[in-house]
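Welcome! Please take a moment to look over the structure below, and then let us walk through some of its features together.

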Amino acid sequence: MTKKVLLLPIFLLCCVQFSVAQHVYCGHQRAMNNLANQIPSFKQAVQQTFAEAKRTAQTNAAARSNELLQVQVVVHIVHNTDVQNISDDLVAEQIAILNEDFQSLNADQANARDMYKEIAGNAGIEFVLASTDPDGNPTSGITRTATEVETFVALDLDFAAILEASAECGLDFTCIQEKILVGGLEENIEAGGVQMDDVKRSDRGGIDPWDTERYLNIWVTNLNIDFLGQSMPAILGFAYPPVGAPNWPDEVFEEDLSAIAGVVVHHEAFGKSNAGDGLIGSLADGGRTTTHELGHYFGLRHIHGDGGCGEDDGIADTPSADASQQAQADPENLPVCEDLYSIDTCPDDDRPDMVENYMDYNAITCQNLFTIEQVEIMRAMLQGPRAGLLGQQVSTSTAEEIAATQGFEVYPNPTANSLNLSLAGYNLADFEVRVQNILGATVTVNVAKGNTQIDMSNLNSGVYLVNLVKEDLQIVKKVSVLN
Ligand SMILES: [Zn+2]
């Protein structure tokens, strides 16, 4: 009995270390499982939103083009030590990497095998640090928050839980790690301890997001776990996909999911010249963790679909791959990319594993492309559920416009034929109505001021911006058209 108790910590230490060495640490699936457990309709909402994006990608020319779409970014640095308080230069460097990766400008794409280079897509997304904050004040697009929280990943050291996990998982160390790392929303917070999304909450030692409809929020913080005096990375980052299909009723979620939209990245994995001081080291070199997590944020799954060969990522031009067979990068012994080219975890598929893909799980250092279909999905998401990010109002709205938007209603949304307008606090008759497509081109001008209804029946399906314009005042609302 005594012997058993003594062995337990040693076993656990081995298990955690083994796990860290063997597995590239994206927390996406864990975050998804957390939400799915707590919100029964979450999975369905994700699937429906993905299906909608796929339909849009097939029919909407804007989704298929690579015309540049600009996204305003705020980077929240939440630090417990000086090392975690990364420099503005490092943030700028990461933004530059994103702009290369999402515009197919990264030099290392030349290294991709021909069969995959041919289907590399240009997402045509430009990331810009916000110059105006939600209150309309000038900003660098970077916030800094000192925190008492040493790490924003929790390791549940309840021995009963560890025993239970090992009984269930056997020697599957990933499975054990998943079970002893805790995370989640309100229900888990009641149980105490640090939770996965705490970095997104000022009342939990993090910082509340800026309006997640209008800004891409990126939190950079410590995601190490501390165990028996050892500090080691638990995950490199995580993100949630969009859940706002036009026909998905918002009220099915009791929780405000917009409060957790955005991307969380380990401070050591952020930027290129951030060598870090821990186990991540060169594993996350290149700033590709943020690229990968943004893929999730725009609706992409891991290309192995987080399952076996039968499990797909819903994207036709990525080959299938088996999650359990994916080679994992050892941070102290990085692979030569060519050595990974022979990996074919699903031999029935006609192509080998696509280690070049940002959403693959083999080695982050060998990644250099998204495929054409992945890019179409991301652009459809950005023009659908994430369309708020494209609104011009982020950089140009005045405080009055932001306040006025609260009283501006458009309904029904989505609509097929006519759209009703109402505006509290102002006289609608003073405003001209302009409808713009998501790329900013005006498609309808209604100069007969005072109309409370406009005709949308001749517009193609897609997301549009309805503008109310009066002298210096411009109020904007997003509307989906399903025709
Ligand atoms: Zn991932």
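## Before we start

A residue is called buried when its relative accessible area is under 20%, exposed when it is over 50%, and partly exposed in between. Please keep in mind that this is a predicted model.

## Aromatic pairs

How many aromatic pairs does a search of the whole structure find? There are 8 aromatic pairs. One of them joins Phe102 and Phe127: the ring centres are 5.1 Å apart and the planes stand at 75°, so this pair is edge-to-face. Phe102 belongs to the loop between α5 (88-101) and α6 (114-117), while Phe127 is in strand β2 (residues 125-129), so the pair ties together parts that are 25 residues apart in sequence. Phe102 and Phe127 are both buried.

Tyr426 and Phe431 also form an edge-to-face pair, with 6.0 Å from centre to centre and 85° between the planes. Tyr426 is partly exposed, at 25% relative accessibility, whereas Phe431 is buried, at 1%.

## A cluster of rings

Phe102 and Phe127 turn up again in one aromatic cluster, together with Tyr297, Phe298, Tyr358 and Phe370. Tyr297 has a charged partner too: the charged end of Arg386 sits over its ring, 3.9 Å from the ring centre.

## The zinc ion

Which residues are the protein donors of the zinc ion? They are Cys26 (through SG) and His292, His296 and His302 (each through NE2), lying 2.0 to 2.1 Å from the ion. The angles subtended by the 4 donor atoms run from 98 to 119°, which makes the arrangement tetrahedral.

Along the chain, the donors follow the spacing C-x265-H-x3-H-x5-H. Cys26 lies in the loop between α1 (2-22) and α2 (28-38), and His302 in the loop between α10 (288-297) and α11 (337-340), so this pair ties together parts that are 276 residues apart in sequence. Cys26 is buried, with a relative accessible area of 12%, and His302 is buried as well, at 0%.

## Helix α3 and its two sides

Helix α3 (residues 42-59) has 18 residues, which at 1.5 Å a residue should span 26 Å; the C-alpha atoms at its ends are 26 Å apart, in agreement.

Where do the buried residues of α3 fall, seen down its axis? They fall within an arc of 165°, so they line one face of the helix. Among them are Phe42, Val46, Phe50 and Ala53. On the other side of α3, Lys43, Gln47, Gln58 and Thr59 are exposed.

Technical notes: Residues are numbered from 1 along each chain as its sequence is written. This is a predicted model: local features need pLDDT of at least 70, side-chain atom pairs count only at pLDDT 80 or more; totals for chains, interfaces and linings use all residues. Side-chain values use heavy atoms; hydrogens and water are left out. Rings of Phe, Tyr and Trp (its six-membered ring) pair if their centres lie within 6.5 Å; planes under 30 degrees apart count as stacked, over 60 as edge-to-face and the rest as tilted. Helices (H or I, at least four residues) and strands (E, at least two) are DSSP runs, numbered from the N terminus. Buried means under 20% relative accessible area, exposed over 50%, partly exposed in between (1.4 Å probe, protein chains only). A charge sits over a ring if NZ of Lys or CZ of Arg is within 6 Å of the ring centre and within 35 degrees of the ring normal. Donors are N, O and S atoms within 2.8 Å of the metal (3.2 Å for Na, K and Ca); water is not among the atoms, so sites may look incomplete. Four donors count as tetrahedral if all angles lie between 85 and 135 degrees; four count as square planar and six as octahedral if opposite donors are over 155 degrees apart and all others between 65 and 115; anything else is irregular. The expected span of a helix is 1.5 Å times one less than its number of residues. The arc is that of the directions from the helix axis to the C-beta atoms.
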